[in-house]
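Visitor: I'm new to this one, and I'd like a close look at a single part of it. Could you pick a spot inside and walk me through what surrounds it?

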Amino acid sequence: MDIDNRELVARAKDGDRQAFDKLVKENKDKMFALTLRMTGDREVALDLMQDTFLTAYKEIGSFRGEAGFSSWLYRIASNKALNYLKRKKILSFIPLTEKTSDSVSYEMPEYVDGEGLNKELALAINSLPPKQKLVFNLRFYEQLPFGKIAGILNKSESTVKTNYQKAIEKLRKKLESFR
Amino acid sequence: MDCGKFKNKISQSVGSVFLDADEKIHLEQCPQCRNLYEEYVSLERDLNDLTIEPLSAVEFASMQQKLDENINRYNRRAISFYSLFTRYGAGLVAVGFLFFVSLWSGFEYGVYYTENSEQSDTYYLADNGDENSDEDETMNDDYIGLLLYDYTQNNGYNSGDLLLGDLTQDEFDYLENNLDLGDIL
């Protein structure tokens, strides 16, 4: 965490709303990208992002500053996204209407347009188990080192690496069958 | 370098593939690993093409507005809890204080009572043979009773009034201060 950021966090901890708003502006794109890639829905991603910042505002007093502020935000956003996917999965098992046998399918993420490879790839990412998807997104798209991801998810580095390898292998096989 | 190690390293580094000299040599020598490497590089390229539309200013403004509303609601709730505490908290503190005082006074009474009891015990213990005790402290009801018993045994039942004449001044003072009417005879 750089000095400016540290100062902003200290001021936000003392209740300075302007400092907190500055922290929100600095981290909004990263949080939006993660929540959107995890959920595939812009509205839901915005809600989760808003909820992430609200939790950060409420809990900023407990932020000890050992990891960076953005890592802390990533942890909150990751938990929110995982909880959302868990709830969604549970809801998908509740038959509100009569479903046909082939109705169990993964949704197409909103951020993907077009057909072909992009669509297949997006569906493949969306069909990854939530934790593998999270590790994949944090590593590939957010470019975070494995050690940092391990810290965010409170897992060992080797577990995180294994999750990433599994995700990459699944994506490779999906694409192999498509080509 | 063997194929297993190479595959392991490559699958972990998709997104930031960097080959060192040994790995480059292995890649040139092993067609299977070369194929795998090319697949991973292709996958990396395709994944990079999968871009998202960034957060627009309008979306951010709407998110910020919602966040502000929720933060204000949270702050109001925190303030209302504070005002509730200041309104009723004073009463609670007063009740707590009275409770504490009552507990403390009970405790003080207990200490006083115990200390006096201990003094009394010490007094009697001193009577029973402590060489360092004062002479006054050796005079107690038992002592006087024994004295009176001996005297009446030797001088007859109604000889109490003779006793007074034989007492030392200390013994007389003690009797006067400690015995009630009718205690002697």
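Guide: Let's start at Met49(A). Keep in mind that this is a predicted model. If you skip the neighbours within four places in sequence, Met49(A) is in contact with Met31(A), Phe32(A) and Thr35(A), and also with Met63(B). That list takes in residues of chain A and one of chain B.

Now zoom out a little. Met49(A) belongs to the largest nonpolar core, a set of 53 residues. Along with Val135(A), Met49(A) is one of those with the most contacts inside that core. What gives the most to this core? That would be helix 2 of chain A, residues 17-39, which puts in 9 residues.

Helix 2 of chain A is worth following further, as it packs against helix 6 of chain A, residues 130-141. Their axes are 10 Å apart, and the angle between the two is about 140 degrees. Angles over 145 degrees would count as roughly antiparallel, so helix 2 and helix 6 of chain A are oblique to each other instead. As for handedness, the crossing of this pair is right-handed.

Who actually meets whom there? From helix 2 of chain A come Ala33(A), Leu34(A), Arg37(A) and Met38(A), and across from them in helix 6 of chain A sit Lys133(A), Leu134(A), Asn137(A) and Tyr141(A). Sorted by class, this contact has 5 nonpolar residues, 2 charged ones and 1 polar one.

Remember Met63(B), the partner of Met49(A) from the other chain? Let's turn to where the two chains touch. Chain A brings 29 residues to the contact, and chain B brings 23. On the chain B side, at least two residues each come from helix 1 (3-12), helix 3 (31-49) and helix 4 (57-127). Helix 4 of chain B has the largest share of that side, with 8 residues. By class, the side of chain B that touches chain A has 13 nonpolar, 6 charged and 4 polar residues.

Finally, step back to see chain A as a whole. Its secondary structure is 8 helices and 0 strands, so to speak an α-α-α-α-α-α-α-α pattern when you read along the sequence. Of the 179 residues in chain A, 35% are buried. And if you take the contacts in chain A with a separation of 6 or more, 62% of them link residues 24 or more positions apart.

Terms used
Residues are numbered from 1 along each chain as its sequence is written. Chains are lettered from A and ligands numbered from 1 in the order in which they are written. This is a predicted model: local features need pLDDT of at least 70, side-chain atom pairs count only at pLDDT 80 or more; totals for chains, interfaces and linings use all residues. Two residues are in contact if their C-beta atoms, placed from the backbone, lie within 7 Å. Helices (H or I, at least four residues) and strands (E, at least two) are DSSP runs, numbered from the N terminus. Ala, Val, Leu, Ile, Met, Phe, Trp, Tyr, Cys and Pro count as nonpolar, Asp, Glu, Lys and Arg as charged, and the others, Gly among them, as polar. A nonpolar core is a set of buried Ala, Val, Leu, Ile, Met, Phe, Trp, Tyr and Cys residues joined through C-beta atoms within 7 Å. A residue is buried if 20 or more other C-beta atoms lie within 10 Å of its own, exposed if 12 or fewer, and partly exposed in between; C-beta atoms are placed from the backbone. Axes are lines fitted to C-alpha atoms, for helices over the stretch in contact, and angles run from 0 to 180 degrees between N-to-C directions. Angles under 35 degrees count as roughly parallel, over 145 as roughly antiparallel, 65 to 115 as roughly perpendicular and the rest as oblique. A crossing is left-handed if the near helix is turned anticlockwise from the far one by less than a right angle, and right-handed if clockwise.
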